[in-house]
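Hi,

Here is the structure I promised to pass on. Have a look at it first, and then read my notes on the salt bridges and the confidence below.

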Amino acid sequence: MAKTKGAKPDLSTEEKIKEAARKVFTQKGYAATRTRDIAEEAGINLALLNYYFRSKEKLFEIVILEKMHILLGKIGPAMTDEHTSIEQKVEQIAEHYINTLVANPDIPLFVLGEIRNHPEKFASMIRTKTKIVDSAFFKQLAERRPDIDPLHFIFNMLGLIIFPFIGKPLLQLIAGIKPERATILMNERKTLVKTWFLAMLAAK
């Protein structure tokens, strides 16, 4: 049978399970999710799920590491690049984060919620080759403003980028912001975050 133009190709059983796990874990979180929920979402029986993946924990590890890679995949290289300026780093990080979160708005609440509920699990799963405090970005900030701990600037930068996505449902209710307007505002922040960050860096 010829494939319908534009139709998605059939997923393998393994991919169906992973796609179902992404959806169910994001909706319910790790603790409230049962393997049976994932099997039902994937349209398969529980025995088949267990054949491909031995445990809920293994599936969760795959899903959370995928989401962490999406969220943090480019921030590390940007921070450790010794050939770019502070200004360039902030621009790259803001651009990457905002593009990523506009495309994946569920990630911040899901990841932060799971980190809060299972900090030990994250500590064992996530390994970073270079700590923030060893990065070129950290050292550049320390040289530019030796009177202020560089972590304050990093906290502020991430807050400017991530909080609007975490607070988006509440902000939409309070300010009556429609989804289209929210997307415009998020895209405007790509330039504004850099402007605000440099203003903080220069403030006495």
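A residue counts as buried when its relative accessible area is under 20%, and as exposed when that area is over 50%. With those cut-offs, Arg 145 is buried, because its relative accessible area is just 9%. Please keep in mind that this is a predicted model.

Arg 145 has a charged partner: Asp 147 forms a salt bridge with it, and the closest N and O atoms are 2.7 Å apart. Asp 147 itself is exposed, at a relative accessible area of 55%. So this bridge joins a buried residue, Arg 145, to an exposed one, Asp 147.

That is one pair; how many salt bridges does the count come to? The answer is nine. Here are some others to click through.

Lys 18 pairs with Glu 15, with 3.1 Å between the closest N and O atoms. Both sit in helix α1 (residues 13-32), and because they are three residues apart there, about one helical turn separates them. Is Lys 18 buried or exposed? Its relative accessibility is 15%, so Lys 18 counts as buried. Glu 15, on the other hand, comes out at 29% and counts as partly exposed.

Glu 41 and Lys 23 make another bridge, and their closest N and O atoms lie 3.2 Å apart. What does this pair tie together? Glu 41 belongs to helix α2 (residues 35-42) and Lys 23 to helix α1, so the bridge connects parts that are 18 residues apart in sequence. Glu 41 is partly exposed, at 37% relative accessibility, and Lys 23 is partly exposed too, at 41%.

There is also a network of salt bridges, which links Lys 28, Arg 34 and Asp 37.

Now for the confidence. The mean pLDDT of the protein is 84, and 89% of the residues reach 70 or more. Which elements have the lowest and the highest mean pLDDT? Helix α8 (residues 119-125) is the lowest, with a mean of 64, while helix α9 (residues 136-144) is the highest, with 96. Over residues 1-9 the pLDDT is below 50, and beyond near neighbours in sequence that stretch has one contact in the model. Where pLDDT is low, the predicted coordinates should not be read in detail.

If you open just one spot, try the Arg 145 and Asp 147 pair, with its 2.7 Å between the closest N and O atoms.

Cheers

Note on methods:
Residues numbered from 1 in each chain as written. Predicted model: local features only at pLDDT ≥ 70, side-chain atom pairs only at ≥ 80, totals over all residues. Heavy atoms only, no water. Salt bridge = Lys/Arg side-chain N within 4 Å of Asp/Glu carboxyl O. Helix = DSSP H or I, 4+ residues; strand = E, 2+ residues; numbered from the N terminus. Buried < 20%, exposed > 50% of the residue type's maximum accessible area, 1.4 Å probe, protein only. pLDDT = per-residue confidence, 0-100. Contact = heavy atoms within 4.5 Å.
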